[in-house]
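Biologist: I'm new to this structure and would like a close look at one part of it. Could you take me through the largest pocket and the charged side chains around there?

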Amino acid sequence: MIEELLVAVAGAAAAAAVYAGAAARVVKQYERGVVFRFGRLRDDVRSPGFTMIVPLVDRLHKVNMQIVTMPVPAQEGITRDNVTVRVDAVVYFKVVDAADALIRVEDYKFAVSQMAQTSLRSIIGKSDLDDLLSNREKLNQGLELMLDSPAMGWGVAIDRVEIKDVSLPETMKRSMARQAEADRERRARVINADAELQASKKLAEAAEVMSDQPAALQLRLLQTVVAVAAEKNSTLVLPFPVELLRFLERSTAGPVGAAATGAAPGTAAGASEAAGVTRPFSEAYLRGAADAAARVEPVEDLTGASVEPVPAEDGT
């Protein structure tokens, strides 16, 4: 009797252990459990942790609630300005309602993927090439709105959508490169012209200052000579400054006048003085000219004929 009781208890314990093993389920922290009893959805969604179901009656489906990163295959399309491009993107989404994700759509991942490809093609056709290249944030927002509207009915929320890359034909790349080069050349010419204008204004101001102070021109010339001579790899040709000639003329004006007054009227100095012209001759030159004039003997009669006349023949 006791042996039969022990056998019955052991059998019951084994049956309970088998039942518990068949009914026990563990739902992870990032999952939710959806139970179907005889094919009908149970209202209660199992939370993370240990849970029990009725074996052979209930079916537990675990739904991942993490954010899913799904790449969208590259889509070829023609933009609104008739440029053929190839665009690929990536979609980030997650399940917010586990029951709807299982009931309302057969495979929510496949559905989101197809919807993303269709929306991406639509965005390409509605946008210009400049928008695809520069206004990606605006396009990402528009693409997210297009995906989020149907996905909410599937229990899926679109977290964000990003356009990864825009591939252009080689001919378009070369055209854009030429356009960028031309634009940079235009800006360089404008900057150069502006610099020339500013430099001309500064040079005009400098010329006005130098006209008031002639010595400034000589100082600038000396600075240029120093700058050129510092290289030591070229021959320097130094022009004779006109201002130096004027300085010498002013400095010798007094001695020249005095020497010219004592010179003979027939000399070059006397002629210059008579004509009212003062030449910048040195004192040594003037003294030599005066001595040469003093040693010349005067000619008494230069009007007579220098050759005796030939006597006339008879009959002529």
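**The pocket and its helix**

Modeller: Let's start with a pair of charged residues: Asp183 and Arg186 sit three residues apart in helix 6, so about one helical turn separates them. Keep in mind that this is a predicted model. The two side chains form a salt bridge, and their closest N and O atoms are 2.8 Å apart. Asp183 is partly exposed because its relative accessibility is 31%, and Arg186 is partly exposed too, with a relative accessible area of 47%. The pairing doesn't stop at two residues, either: Asp183, Arg186 and Arg187 are linked in a network of salt bridges.

Now for the pocket itself. Asp183 is also one of the residues that line the largest pocket, along with Leu129, Asp130, Met172, Ser175, Met176, Gln179 and Ala180. Two elements, helix 4 (129–134) and helix 6 (170–212), each give two or more residues to that lining. Which of them gives the most? That's helix 6, with six residues. As for the space itself, the volume of the largest pocket comes to about 150 Å³. If you sort the lining by chemistry, you get four nonpolar residues, two polar and two charged. So Asp183 plays a part in both stories: it lines the pocket and it pairs with Arg186.

Stay on helix 6 for a moment, as it holds another charged pair. Glu185 and Arg189 are four residues apart there, about one turn of the helix. Their side chains meet in a salt bridge, at 2.9 Å from N to O. Glu185 is partly exposed, at 41% relative accessible area, whereas Arg189 counts as exposed because its relative accessibility is 58%.

For a pair elsewhere in the chain, look at Arg104 and Asp100. These two form a salt bridge as well, with 3.2 Å between the closest N and O atoms. Arg104 is exposed, its relative accessible area being 56%. In total, the count comes to ten salt bridges.

Not every charged residue has such a partner, though. Take Glu31, which lies in strand 2 (residues 31–37). Is Glu31 buried or exposed? Glu31 is buried, and yet it has no salt bridge. The nearest side chain of opposite charge belongs to Lys62, 4.5 Å away, while a salt bridge here needs the nitrogen within 4 Å of the carboxyl oxygen. Beyond its neighbours within four places in sequence, Glu31 is in contact with Pro48, Lys62, Val63, Asn64 and Met65.

Just past that strand you'll find Phe38, in the loop between strand 2 and strand 3 (40–41). Phe38 has a positive phi of about 50 degrees, although it isn't a glycine, and it is exposed, with a relative accessible area of 67%. Asn82 is another non-glycine with a positive phi, about 60 degrees. You'll find Asn82 in the loop between strand 6 (68–78) and strand 7 (84–95), exposed at 67% relative accessible area.

To place all this in the whole, the protein has eleven helices and eight strands. Of its 316 residues, 22% are buried. Among contacts between residues at least 6 apart in sequence, 63% join residues at least 24 apart.

How values were computed:
Residues are numbered from 1 along each chain as its sequence is written. This is a predicted model: local features need pLDDT of at least 70, side-chain atom pairs count only at pLDDT 80 or more; totals for chains, interfaces and linings use all residues. Side-chain values use heavy atoms; hydrogens and water are left out. Buried means under 20% relative accessible area, exposed over 50%, partly exposed in between (1.4 Å probe, protein chains only). Lys and Arg count as positive and Asp and Glu as negative; His and the chain ends are not counted. Contact means heavy atoms within 4.5 Å. On a 1 Å grid over the protein atoms alone, a cavity is a set of points where a 1.4 Å probe fits but cannot get out, and a pocket is an open set with protein on both sides within 12 Å along at least five of seven lines; lining residues have an atom within 4 Å of a point. Grid points are joined across faces, edges and corners, and a volume is the space filled by probe spheres set on the points. Ala, Val, Leu, Ile, Met, Phe, Trp, Tyr, Cys and Pro count as nonpolar, Asp, Glu, Lys and Arg as charged, and the others, Gly among them, as polar.
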